[in-house]
Amino acid sequence: MAVERTRPATSSSTTRASRQRPADRARSCSYRSRWYRILGSGPGSRRHPITVITHEDPIGRGRSNYLIHADLSDRQDGWSEQLWTRQLAPDRFEVACLPFFTYGICYRDVVTVDSNHLVTAVLEKSGHRTLRVALVVDHPDRDQLHELLHAKVVEADLPHEWLQGTYLAVDLPPGTDPTALVKTLEAPAQTGALHWEIDS
């Protein structure tokens, strides 16, 4: 897949959060070590290699959005994530999607970019967090878990995005208690059916 050129879009990265509990850090390590496998782009994969992570249905899609990119080459050479934003000023953008793989950036954070429109810094934090879930592609319970998790986030009325039906990002606005969702994730995580983390 060719890397998209950054451009304004119509409706038709990054620093890792430093305040994280040890348990969350352990989950993140497990999660990040498997991300390429989940997308089917690792060694031996038969799927077309992905070089740009895109958002088919960003939660903040507006009448006019601007596309920027976050560099993911520290984890997979040549990869980036396309981020939908609202342009606030020539060099200030408010994130309008839920980053799937870009750490330390959440919905409505304000970021700045370089001349290539790659994210260089987070200027303002919104207070939102992102709950990420990665289903293991070859696990026999994958489809059942997809339906379960989709129903749970809809029931909780939480904005969310799916990537390839395998990767789920859920927005946790300030003050949101994710305990109920986390309880749903714990048992399948222990059996190796999924991996999850909360980023801020």
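**A first walk through the model**

Hi everyone, let's begin with a hairpin: strand 4 and strand 5 form one, with two residues between them. Please keep in mind that this is a predicted model.

Strand 5 covers residues 92–95, and its pairing with strand 4 is antiparallel, over four bridges. If you want one pair to look for on screen, find Arg86, which stands opposite Glu94 in strand 5.

Strand 4 has other partners too. It runs from 80 to 89, and it pairs with strand 2, residues 52–53, in the parallel sense over two bridges. There, Val52 has Ser80 of strand 4 as its bridge partner. Then there is strand 3, residues 64–71, which pairs with strand 4 in the antiparallel sense over six bridges. In that pairing, Tyr66 is matched with Thr85 of strand 4.

Now let's move along the chain to the core. Which residues have the most contacts inside the largest nonpolar core? They are Leu131, Val133, Leu149, Val170, Leu194 and Trp196, in a core of 18 residues. At least two residues of this core come from each of these elements: strand 8 (129–135), helix 3 (142–155), strand 10 (167–172), helix 4 (179–190) and strand 11 (194–199). There is also a second, separate core of 13 residues, and Ile68, Trp84, Phe93 and Cys97 are among its members. As background, nonpolar side chains in soluble globular proteins tend to be buried together.

Let's zoom in on Leu131. Setting aside residues up to four places away in sequence, Leu131 touches Leu168, Ala169, Val170, Leu172, Leu181, Leu185, Trp196, Glu197 and Ile198.

Thr130 is in strand 8 as well. Is Thr130 buried or exposed? Its relative accessibility is 0%, so Thr130 counts as buried. Again leaving out residues up to four places away in sequence, its contacts are Pro99, Cys106, Ala169, Val170, Glu197, Ile198 and Asp199.

Over in helix 3 we find His146. Why does His146 count as buried? The cut-off for buried is under 20% relative accessible area, and His146 counts as buried because its relative accessibility is 18%. Beyond its neighbours within four places in sequence, His146 is in contact with Leu135, Trp162 and Gly165. Take Leu135: it is eleven residues from His146 in sequence, and their C-alpha atoms are 7.8 Å apart.

My last stop is helix 4. At 1.5 Å a residue, its twelve residues should span 16 Å, and the end C-alpha atoms are 17 Å apart, which agrees.

Which residues of helix 4 are buried? They are Leu181, Val182, Thr184, Leu185 and Pro188. Those buried residues cover an arc of only 160 degrees around the axis, so they sit on the same side of helix 4. In general, an α-helix has 3.6 residues a turn, so residues three or four places apart point the same way.

What does that buried side meet? The buried residues of helix 4 pack against strand 8, helix 3, strand 10 and strand 11. Turn the helix around, and the face away from the buried side carries the exposed residues Ala180, Lys183 and Gln190. Just after helix 4 comes Gly192, with a positive phi of about 85 degrees.

If you spin the model yourselves later, try starting at Leu131, one of the residues with the most contacts inside the largest core. Thanks for listening!

Methods: Residues are numbered from 1 along each chain as its sequence is written. This is a predicted model: local features need pLDDT of at least 70, side-chain atom pairs count only at pLDDT 80 or more; totals for chains, interfaces and linings use all residues. Side-chain values use heavy atoms; hydrogens and water are left out. A nonpolar core is a set of buried Ala, Val, Leu, Ile, Met, Phe, Trp, Tyr and Cys residues joined through side-chain atoms within 4.5 Å. Buried means under 20% relative accessible area, exposed over 50%, partly exposed in between (1.4 Å probe, protein chains only). Contact means heavy atoms within 4.5 Å. Two strands pair if DSSP finds at least two bridges between them. The expected span of a helix is 1.5 Å times one less than its number of residues. The arc is that of the directions from the helix axis to the C-beta atoms.
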